[in-house]
Amino acid sequence: MKILYYDCFSGISGDMNLGAMIDLGVGKEYLINELSKLNLDSEYEIRIRRENKKGIDGTKVDVILKNKHDHSHDHHDHTHSHSHSHAHRNLKDIEYIINSSSLNENVKKLSIDMFRKIAQAEAKVHGKSLYEVHFHEVGAVDSIVDIVGAAICIDYLKVDKIMASHVQLGGGFVKCAHGLIPVPAPATVEILKGIPIKSGIAPFETTTPTGAAILAVNVDEFTDEMNFTIEKIGYGIGSRDLKIPNVLRVYIARENEEKKTESNSYIKQYILETNIDDMNPEIYSYIEEKLFDKGALDVFKTPIIMKKGRIAVKLSVLVREKDIKAIQEVIFKETTSIGIRKYEVEKIMLERDFSKVSTNYGEVTVKNSYYKGEKIKFKPEYEDCRRLAVENNIPIGEIYKEVYNKIGGASNDK
């Protein structure tokens, strides 16, 4: 199982995260080109450079706002006070910018989930409704870059599980639009409810609301125990000079064998299901889309016969724990269901990775599956094959055949 692990010994901010991701191997050009899809290039530029903090070499990312008199940029302060010429955008504006971009659906969903996390915290702290909040921070272009950039990087890395250490928050006080407020800032604490934290390593804010939201939305497990084999290490350099290095360390790792049976991955998930016998069947495809949009891992329908011979459909949805509430809401609001069954399932999965295969028609992503370290099957990704079939005006079977011909030798060479 491929793991991304956030080691937040000196906290996390949006820019530290981007630096760490690039240091880990996310292509700079890829990130910049994907961010261009937001159509905000006229408002900012990204500067990426190597920097050293207390002897640790890493990547520093600065988001420079254009039309700003002062080009110095301290990301830890920006989350609270930002005076610049760009309009303060609210959540609706940001959702519109993201949804009208050509970013892929996964990146859009992750980005909006992170913004909503911050918006909900800000709304609660300030006693406002979600769409009333005109954030100093979330409306700022650099926060849009930080959060959408985080989604692009996570989508690019295609890991099976995201983990993080307990989160260091810092201490002291920080300036914001309302004056001096204690560290951790109220929004940061609200976002990190239910997540293990530490504080007091430095008299500064080491974790910003943006950094907190990146963790809260994406991390599956918070633990200081690292029971895995590290394959790659990245360092994202922060803006502070502390007595400890102000850096975010991230790892790409593989889960250690002793935690698994026969090298399969065991993952805890939940099935939500409901029996429906009184709904217009046309609506199911619409509901399915909404369920996937809210984080469903799988949606399936089973024809069943209920009491008194009533023909019905059992709607089953596979979900992660963090998405249960959102999925329940879709089922109750959009279907005729008045009750849902929920039970925990343990999913056993083969180890997987992805590779690219060049065919005469273009590049296709292939999903490989391993058992006890040996590749036992592979499958071309349908979306790539479909796209190439349409572009080249040929039957989709031709694309599959091309891929199997290219890999044929390698896959049987066991």
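Start at Asp 160: setting aside neighbours within four places in sequence, this residue is in contact with Met 1, Lys 2 and Arg 352. Keep in mind that you're looking at a predicted model. Asp 160 sits in the loop that runs between α6 and β4 (161–164). Its relative accessible area is 28%, so it counts as partly exposed. Two of those contacts are polar ones. The Asp 160 side chain reaches the backbone nitrogen of Lys 2 at 2.8 Å, and a 3.2 Å polar contact joins the side chains of Asp 160 and Arg 352. That second pair is a long-range one in sequence terms: Asp 160 and Arg 352 are 192 residues apart along the chain, yet their C-alpha atoms are separated by 8.6 Å.

Stay in that loop for a moment. Lys 158 is also found between α6 and β4, and it has a positive phi of about 45° although it isn't a glycine. That's worth a look because most residues other than glycine have a negative phi. With a relative accessible area of 42%, Lys 158 is partly exposed.

Now step back into α6 and the interior. Which residues touch the most other members of the largest nonpolar core? They are Leu 4, Tyr 6, Leu 35, Leu 38, Tyr 44, Val 148 and Leu 215, out of 65 residues in that core. Helix α6 (residues 141–157) gives the most to it, with eleven residues. Apart from this core lies another one of 16 residues, including Tyr 284, Val 299, Val 317 and Val 319. As background, nonpolar side chains tend to be buried together in soluble globular proteins.

Leu 4 is a good place to see how the large core is knitted together in sequence. Beyond its neighbours within four places, Leu 4 is in contact with Met 21 and Leu 24, with Leu 157, Val 159, Lys 161, Ile 162 and Met 163, and with Val 250, Tyr 251 and Ile 252.

Tyr 44, another of those well-connected core residues, leads on to a hairpin. Strand β2 (residues 44–53) pairs with strand β3 (residues 56–65) in the antiparallel sense, over ten bridges. Two residues lie between the strands, and Lys 54 in the turn has a positive phi of about 50°. Flanking that turn, Lys 53 has Ile 56 in β3 as its bridge partner.

Further along comes another backbone oddity. The peptide bond from Val 183 to Pro 184 is cis, with omega near 0°; Pro 184 lies in the loop between β7 (179–182) and α7. Helix α7 covers residues 186–191 and holds Thr 188. Is Thr 188 buried or exposed? It counts as buried, because its relative accessibility is 0%. Away from its sequence neighbours, Thr 188 is in contact with Leu 169, Glu 205, Thr 207, Thr 208, Pro 209 and Ala 212.

Finally, head for the C-terminal part of this tour. Three strands form an open antiparallel sheet in the order β16-β17-β18. β16 (351–359) and β18 (374–380) stand at the edges with a single partner strand each, so one side of each has no neighbour in the sheet. From one strand to the next, the twist averages 30°. Between β17 (residues 362–371) and β18 there are six bridges in the antiparallel sense, and one bridge pairs Tyr 370 with Lys 375 in β18. Helix α11 packs on this sheet, touching β16, β17 and β18, and its direction makes about 160° with that of β17.

How is α11 arranged around its own axis? In this helix (residues 382–392), Asp 384, Cys 385, Leu 388 and Ala 389 are buried. They share a side of α11 because they cover an arc of only 130° around the axis. That fits the usual geometry: an α-helix has 3.6 residues a turn, so residues three or four places apart point the same way. The face turned away from the buried side of α11 carries the exposed residues Val 390 and Glu 391.

Right after α11 comes Asn 393, with a positive phi near 55°. Asn 393 lies in the loop between α11 and α12 (396–412), and it is exposed, with a relative accessible area of 70%.

Note on methods
Residues numbered from 1 in each chain as written. Predicted model: local features only at pLDDT ≥ 70, side-chain atom pairs only at ≥ 80, totals over all residues. Heavy atoms only, no water. Helix = DSSP H or I, 4+ residues; strand = E, 2+ residues; numbered from the N terminus. Buried < 20%, exposed > 50% of the residue type's maximum accessible area, 1.4 Å probe, protein only. Contact = heavy atoms within 4.5 Å. Core = buried A, V, L, I, M, F, W, Y, C linked by side-chain atoms within 4.5 Å. Arc of directions from axis to C-beta. Pairing = 2+ DSSP bridges. Polar contact = N/O pair within 3.5 Å; in protein donor to acceptor, adjacent residues only side chain to side chain. Axes fitted to C-alpha atoms, helices over the stretch in contact; angles between N-to-C directions.
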